[in-house]
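Here's a walk through a structure you may not have met before. Have the sequence and the 3D view open, and we'll take things one piece at a time.

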Amino acid sequence: MLKLSNVDVFYGKVHALKSISLHIDEGEMVALIGANGAGKSTTLKTISGMLHPFSGEITFCRKRIDGLSPEKIVRQQVVHCPEGRRVFPEMTVKENLEMGAFTRKDKADTLKDMKIVFDLFPILEERNKLPAGSLSGGEQQMLAIGRSMMSSPRLLMFDEPSLGLAPILVERVADAIKELHKRGTTILLVEQNAEMALTMTNRAYVLETGNIALEGQSKDLLKNEHVRMAYLGS
Amino acid sequence: MAEFLQHLINGLMIGGIYALMGIGLTLIFGIMNIVNFSHGEFYMLGAFGVLTLFTMMGIPYLLALLLSAVFFLLFGAVVERGILRPLQNQPVDVAMLATIGLSIFLSNLALIIWDPTPKDIGMPFPLIGINVGPITLTPIRVFIFVAAMLLILGSHMFLRNTRFGKAIRATFQDREAAALMGINTNTVNMVTFSWGTSIAAIAGGLLGPIFQVFPTMGAIVSAKSFAVVIAGGLGNFPGAILAGLLLGVAESLGAGYISSGYRDAIAFILIIVVLIVRPTGILGKARRLG
């Protein structure tokens, strides 16, 4: 479904991604783990069009998407839920969700999706008239996830959804992501919390200083000595 | 008391125009991070637009105002697309310098087209006084105030309730996240700038009949618009409305009770006071958290 082939990305003069290749098949849930600064967020930003590769190609459903602007990529239903929640603080919860559906014309389906979001996160329905900035960190993360769901994603990419959340909320967020996957959305999960990411997913890539250092089944990576030493702290 | 009320009413009328100038400037700053130094020249051109269409060509005033508004909508879009967008990845002062250059260009262009002598647009409404209790209103002043308020209200409703208006607010609050929602932030820039340009031109066309029209009239209006935007809090829409009305009233009362020679100084006294007492603006709070 999504395929990156030999993608090079520069951040100014920094060679942030060094000829990386990865692929995600329809219906998969894939993790991308790595340390701070390894290039995880850069990878997502490149897929979603916020950054453009210097060389290499990215295809989605066999169509080239590298070089397209973010708003065109969202229209291909490739959706990026950014790091740090990034909700619109002075807009209401409901308006945030409406913004998620900005590219959609199908009013009835959009309303149906909003109902699904509210079913999954009842707290958002309760607070739908409050400004997003007044929500707690965990609620804002749920809103960010809900907002991405409103874009009707076929591929949904999460950047550090567990960042800065209390353990109990991390679990809620993980459950929500699993639920989305169960409902048929293909998922690419970027996490520093390697244990969470590897236990949730079937397959994973390990990114180290802009290179794919390892890839494989998540359950194998959980047992891999290098992964254990570097990312699981044991 | 009657005199005070009269100054207050006059102040609110001018204040409505300042508010109109202020909301355009503050939104352009908030969305595009551009300090637009040609805002006063758009005001000046709007006044000349009405002078040309109404006074010289004899088109009815309201229609002249409307035509000029539409023209400057397009004009603003061209400026955004042609001058500002190519500079958007440059440091912010580059775009700022470009708007200073544009303002010099536009006032000199006006000098060539309309020559430097101040001109009268002429009165589009009957020059009669309507007595309401102790104060006297003239139709043009009532019209200016009502038009300014309707435009502010209309802009507010547009931002609050329409799909595109919400996209503008989203872009204002988090540009990258807005792009990830599928909002074309370049289009948002263009619409914002073009709307701000047109609204400044309308302000010029509204106030034109009361004052004289000349090519350098934009400079002081630019300066006052900045005062309004800073006093209201940079990028703060309701703050700009309040600061605009406040400045108008302060000027009118200051001119009435202290000395009319100080009228234009009041804007700057207002900025100084606000910057000392409330550096984030009258309705200020830290913007763009996170």
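## Two strands to begin with

Let's start in chain A, with strand E9, which covers residues 203-208. Six bridges tie E9(A) to E10(A), and the two run antiparallel. If you'd like a spot to click on, try Arg203(A), which sits opposite Gln217(A) in E10(A). As background, strands of a sheet pair through backbone hydrogen bonds, either parallel or antiparallel.

One thing to keep in mind from here on: this is a predicted model.

## The six-stranded sheet

Zoom out, and E9(A) and E10(A) turn out to belong to an open sheet of six strands in chain A, in the order E6-E7-E8-E3-E9-E10. The pairing in this sheet is mixed. Which strands stand at the edges? They are E6 (78-81) and E10 (211-217) of chain A. Each has a single partner strand, so one side of each is left without a neighbour in the sheet. From one strand to the next, the twist averages 15°.

Two helices lie across parts of this sheet. Helix H6 of chain A, residues 137-149, lies across E6 and strand E7 (155-159), and runs at about 170° to E6(A). Helix H7 of chain A, residues 167-182, lies across strand E3 (29-34), E7 and strand E8 (186-191). The angle between H7(A) and E8(A) is about 155°.

## Strand E1 and its partners

Now turn to strand E1 of chain A, residues 2-11. E1(A) pairs with strand E2 (residues 14-24) of chain A in the antiparallel sense, over seven bridges. In that pairing, Val9(A) stands opposite Leu17(A) in E2(A). The two strands form a hairpin with two residues between them, and Gly12(A) takes a positive phi there, near 60°.

E1(A) also pairs with strand E4 (residues 55-60) of chain A, again in the antiparallel sense, over five bridges. Here, Leu4(A) has Ile58(A) in E4(A) as its bridge partner.

Ser5(A), in strand E1 of chain A, is a good residue to pause on. Is Ser5(A) buried or partly exposed? Its relative accessibility is 22%, so Ser5(A) counts as partly exposed, given that buried means under 20%. Leaving aside residues up to four places away in sequence, Ser5(A) touches Ile20(A), Ser21(A), Gly56(A) and Glu57(A). Take Ser21(A): it is 16 residues from Ser5(A) in sequence, yet the two are 4.5 Å apart in space, C-alpha to C-alpha.

## Two non-glycines with positive phi

Ser19(A) isn't a glycine, but it has a positive phi of about 50°. You'll find Ser19(A) in strand E2 of chain A, and at 37% relative accessibility it counts as partly exposed.

Cys61(A) is another non-glycine with a positive phi of about 50°. Cys61(A) is in the loop between E4 and strand E5 (63-64) of chain A. With a relative accessible area of 30%, Cys61(A) is partly exposed.

## An enclosed helix

Next stop is helix H1 of chain A, residues 40-47. Why is H1(A) described as largely enclosed by the rest of the structure? Because six of its eight residues are buried. Those buried residues are Lys40(A), Thr42(A), Thr43(A), Leu44(A), Thr46(A) and Ile47(A). Just after H1(A), Gly49(A) takes a positive phi of about 90°.

## Where chain A meets chain B

Chain A isn't on its own: 21 of its residues are in contact with 18 residues of chain B. The area buried between the two chains is about 2,100 Å², with carbon and sulfur atoms giving 57% of it. How many salt bridges are there between chain A and chain B? The count is four. For a salt bridge you can look up, try the side chains of Lys166(B) and Glu98(A), at 2.6 Å from N to O.

## How confident is the prediction?

For the model, the scores are ipTM 0.92 and pTM 0.90. Chain B has a mean pLDDT of 92, and 98% of its residues reach 70 or more. Over residues 286-290 of chain B, though, the pLDDT is below 50. Beyond near neighbours in sequence, that stretch has six contacts in the model. Where pLDDT is low, the predicted coordinates should not be read in detail.

Note on methods:
Residues numbered from 1 in each chain as written. Chains lettered and ligands numbered in written order. Predicted model: local features only at pLDDT ≥ 70, side-chain atom pairs only at ≥ 80, totals over all residues. Heavy atoms only, no water. Pairing = 2+ DSSP bridges. Helix = DSSP H or I, 4+ residues; strand = E, 2+ residues; numbered from the N terminus. Axes fitted to C-alpha atoms, helices over the stretch in contact; angles between N-to-C directions. Contact = heavy atoms within 4.5 Å. Buried < 20%, exposed > 50% of the residue type's maximum accessible area, 1.4 Å probe, protein only. pLDDT = per-residue confidence, 0-100. Buried area = accessible area lost by both parts, 1.4 Å probe.
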